[in-house]
Amino acid sequence: MKTTALNPPMVHPGPVNPKRIEAVGVQAYDLEIQLEAGQQVEAAICSAVAAAGCDGAWVDVSGLFSDPYAFVMPDKSPDGTRVAWYSETYEPKGETRVDMGGMSVGHYGDGSFTHCHGVWTSVDGTTLGHMLAPICTVSRPVTLKAIGFKGGRFERLQDGETCFELFRACATGTSVQTPDAVILTLRPNTDLCGAIEETARAFGISDGEIMGLGSANGARFQDAPSMHSAITEFIISSGKLVNGKASVNLSAVDIQKDIFSGTVKSGDAPISITAEIVLRRA
């Protein structure tokens, strides 16, 4: 996974983990999640995934309206103990509409947990960030499309390299013999497209759909200006694997609150902290 990155590799406070990709084959199921006004976003989505008998899920949260709504953005670490941290919490007044976004539904401790990045519009304008789903409330009925997983899920675990608690792709019980999807998590300085292609080869997948979110240490795009910031958060707006080659279109925000969107160049989008990716066989 050779990179030609814009920035030097990220140096995190902990020892480098030799395993740069965690990948688990799963069975994927199409889900529809019905949300009603007044429901708490995270609790309602997690309940629906559990009711479907799935270990975890990837949820397209586009079209969600929420009031109240809260989110954070990427920022510098206030104490230098990590390479990055989060901004103050933003809570726009009135209703917020999620224009495009994705949510990993996984597990933490004794219960469910979510991680969501997206683009949303409120009275303050349009921005990209990290939804604080536990303190967001559905304000209009909506049906969300999702992909449920059996045989694997994202587990929030302490990561010694970055000193964050991060989702990690983990198996649940017996391994899936004929997986039709793979969930994977990527460690710092791993190239986004290269890691997806490597995983696809390992699971015998030549064509598929790519979904996910994460953070990038800068990126070059085929069709847009480069993103130089090493501290960013991104959401994949569309992604395809065709004949073993990954094409990923993403939107990202940096610490200046600037948004970048485009199709990343292979080898030019290294991960800064983590990425959660779903690759579904076509």
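Start by selecting β18, residues 271-281. Of its 11 residues, 10 are buried, so the rest of the structure largely encloses this strand. Keep in mind as you go that you are looking at a predicted model.

**Stop 1: the neighbours of β18**

Leave β18 coloured and add β13, residues 181-186. β13 and β18 are antiparallel partners, paired over 6 bridges. To find one of the contacts, click on Ala181, whose bridge partner in β18 is Arg280.

Now bring in β14, residues 208-216. This strand also runs antiparallel to β18, and 8 bridges join the two. A handy marker here is Gly214, which has Ala275 of β18 as its bridge partner.

**Stop 2: the enclosed cavity**

With β18 still selected, turn on a cavity display. How many cavities of 30 Å³ or more does a search of the whole structure find? The search finds 1, and the space in it is about 90 Å³. To centre your view, select Asp159, Leu166, Phe167, Arg187 and Thr274, the closest to the cavity's centre among its 13 lining residues.

Colour by element next: β11 (152-159), β12 (164-171), β13 and β18 each give two or more residues to this lining. β12 provides the largest share, with 3 residues. If you colour by class instead, you should see 6 nonpolar, 3 polar and 4 charged residues around the cavity.

**Stop 3: strand β8 and its two hairpins**

Select residues 111-122, which make up β8. Here 9 of the 12 residues are buried, so β8 too is largely enclosed by the rest of the structure.

On one side in sequence, add β7, residues 96-108. β7 and β8 pair in the antiparallel sense over 11 bridges, and Gly106 is matched with Phe113 of β8. Zoom in on the hairpin between them: there are 2 residues between the strands, and Gly109 takes a positive phi near 60°.

Then add β9, residues 125-131. The pairing of β8 with β9 is antiparallel as well, over 6 bridges, and a hairpin of 2 residues joins the two strands. To see one bridge, pick Gly118 and look for its partner Gly129 in β9.

While you have these strands on screen, try showing their side chains. In a regular strand, side chains alternate between the two faces of the sheet.

**Stop 4: the largest pocket**

Keep β8 in view and switch on pockets. The largest pocket holds about 630 Å³ of space. Select Tyr86, His115, His130, Phe164 and Glu165, which are the closest to the pocket's centre of the 33 residues that line it.

Which strand gives the most to this lining? It is β8, with 5 residues. Other elements that supply at least two residues include β9, β11, β12 and β18, so several strands from your earlier stops come back into view. The lining is made up of 17 nonpolar, 10 polar and 6 charged residues.

**Stop 5: the second largest pocket**

For the last stop, select Trp58, Asp60, Glu209, Met211 and Ser237. These lie nearest the centre of the second largest pocket, which is lined by 20 residues and contains about 310 Å³ of space.

β2 (56-60), β7, β10 (142-150), β14 and β15 each supply at least two residues of its lining. The largest share comes from β15, with 6 residues. By class, you will find 8 nonpolar, 6 polar and 6 charged residues here.

Technical notes:
Residues are numbered from 1 along each chain as its sequence is written. This is a predicted model: local features need pLDDT of at least 70, side-chain atom pairs count only at pLDDT 80 or more; totals for chains, interfaces and linings use all residues. Side-chain values use heavy atoms; hydrogens and water are left out. Buried means under 20% relative accessible area, exposed over 50%, partly exposed in between (1.4 Å probe, protein chains only). Helices (H or I, at least four residues) and strands (E, at least two) are DSSP runs, numbered from the N terminus. Two strands pair if DSSP finds at least two bridges between them. On a 1 Å grid over the protein atoms alone, a cavity is a set of points where a 1.4 Å probe fits but cannot get out, and a pocket is an open set with protein on both sides within 12 Å along at least five of seven lines; lining residues have an atom within 4 Å of a point. Grid points are joined across faces, edges and corners, and a volume is the space filled by probe spheres set on the points. Ala, Val, Leu, Ile, Met, Phe, Trp, Tyr, Cys and Pro count as nonpolar, Asp, Glu, Lys and Arg as charged, and the others, Gly among them, as polar.
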